[in-house]
Amino acid sequence: MATEAPPPPRDGTATVAGPVQPTTEEFVEVQQGEEFGELRRTYRSFAFPLTLAFIAWYLLYVLLSNYAGGFMGTKVFGNINVALVLGLGQFLTTFLIAWLYSRHAANRLDPKAEAIRTRMEGDV
């Protein structure tokens, strides 16, 4: 999709269309800074453990489905068996993780990222 707007000037001056674009050197400097490191640690401390936990939970479900057919076929109530309950639990877990991440991002990641963005674009 083509746009009517011209590219931002290379000299770093602001245009009417938007804020000043930081240079590559400024991006590298921010990336190596403590504030960005803290943002990255905050993200990783949430995302990595939950990702590993969900993968383990998913693999447990797959392994039980393949190797523990008797257990997975155990009726819980009516025609509902353990396999169906655990399978639906996969969906529930996915939505729960998405909800938790959106809360985490809104409360911890977004304010830090916004502070970095504001400083880099020169809005301060």
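L59 sits in helix α2, which covers residues 34-67. In this predicted model, L59 comes out as partly exposed, since its relative accessible area is 43%. L59 also has company at the surface: together with I55, Y58, L63 and Y67 it makes up a nonpolar patch of about 560 Å².

Stepping back to the overall layout, the protein chain contains four helices and two strands. Read from the N terminus, the order of the elements is α-α-α-β-β-α. Of the 124 residues in the protein chain, buried ones account for 17%.

Helix α2 deserves a look of its own. With 34 residues at 1.5 Å a residue, α2 should span 50 Å, and the 48 Å between its end C-alpha atoms agrees with that. There is still a bend along the way: α2 has a kink of about 25°, and the kink is centred on R44. As for burial, G37, L39, T42, F46 and A47 are the residues to note, each of them buried in α2.

Next come the rings. Searching the whole structure turns up two aromatic pairs. One of them is Y43 with Y101, an edge-to-face arrangement with 6.4 Å from centre to centre and 85° between the planes. Because Y43 belongs to helix α2 and Y101 to helix α4 (residues 82-121), this pair ties together parts that are 58 residues apart in sequence. Y43 is partly exposed at 36% relative accessible area, and Y101 is likewise classed as partly exposed, at 32% relative accessibility. Y101 also pairs with F46: here the ring centres are 5.9 Å apart and the planes meet at 45°, so this pair counts as tilted. The F46 contact again links distant parts of the chain, with F46 in helix α2 and Y101 in helix α4, 55 residues apart. F46 itself is buried, because its relative accessible area of 18% falls under the 20% cut-off. Taken as a set, Y43, F46 and Y101 are joined into a cluster by ring pairs.

Charged side chains add another layer of contacts. In general, side chains of opposite charge can pair when their charged atoms come close. The structure holds six salt bridges. One of these joins the side chains of E35 and R119, with 2.6 Å from N to O. This bridge, too, connects distant parts of the chain, E35 being in helix α2 and R119 in helix α4, 84 residues apart. Both ends are partly exposed: E35 has a relative accessibility of 33%, and R119 has one of 42%.

Other salt bridges stay within a single helix. R41 and E38 meet through their side chains at 3.3 Å, N to O. What separates these two along helix α2 is about one helical turn, because they are three residues apart. The geometry behind this is simple: an α-helix has 3.6 residues a turn, so residues three or four places apart point the same way. R41 is partly exposed at 42% relative accessibility, while E38 is partly exposed with a relative accessible area of 33%. The R41 and E38 contact doesn't stand alone, either: E34, E38, R41 and K112 are linked in a network of salt bridges.

Helix α4 has a comparable story in E121 and R117, which form a salt bridge whose closest N and O atoms are 2.3 Å apart. Both residues lie in helix α4, four residues apart, or about one turn of the helix. R117 is partly exposed, with a relative accessibility of 33%.

Which elements, then, do the long-range contacts bring together? For the Y43 and Y101 ring pair, they are helix α2 and helix α4. The F46 and Y101 pair also runs from helix α2 to helix α4, and the E35 and R119 salt bridge has its ends in those two helices as well.

Technical notes. Residues numbered from 1 in each chain as written. Predicted model: local features only at pLDDT ≥ 70, side-chain atom pairs only at ≥ 80, totals over all residues. Heavy atoms only, no water. Patch = residues over 30% accessible without salt bridge, like charges linked within 9 Å, V, L, I, M, F, W, Y side chains within 5 Å. Areas by Shrake-Rupley, 256 points an atom, 1.4 Å probe, with all protein chains shown as cover. Salt bridge = Lys/Arg side-chain N within 4 Å of Asp/Glu carboxyl O. Buried < 20%, exposed > 50% of the residue type's maximum accessible area, 1.4 Å probe, protein only. Phe/Tyr/Trp six-rings, centres within 6.5 Å; stacked < 30°, edge-to-face > 60°. Expected span 1.5 Å × (residues − 1). Bend = angle between axes of the 7 residues up to and from the residue.
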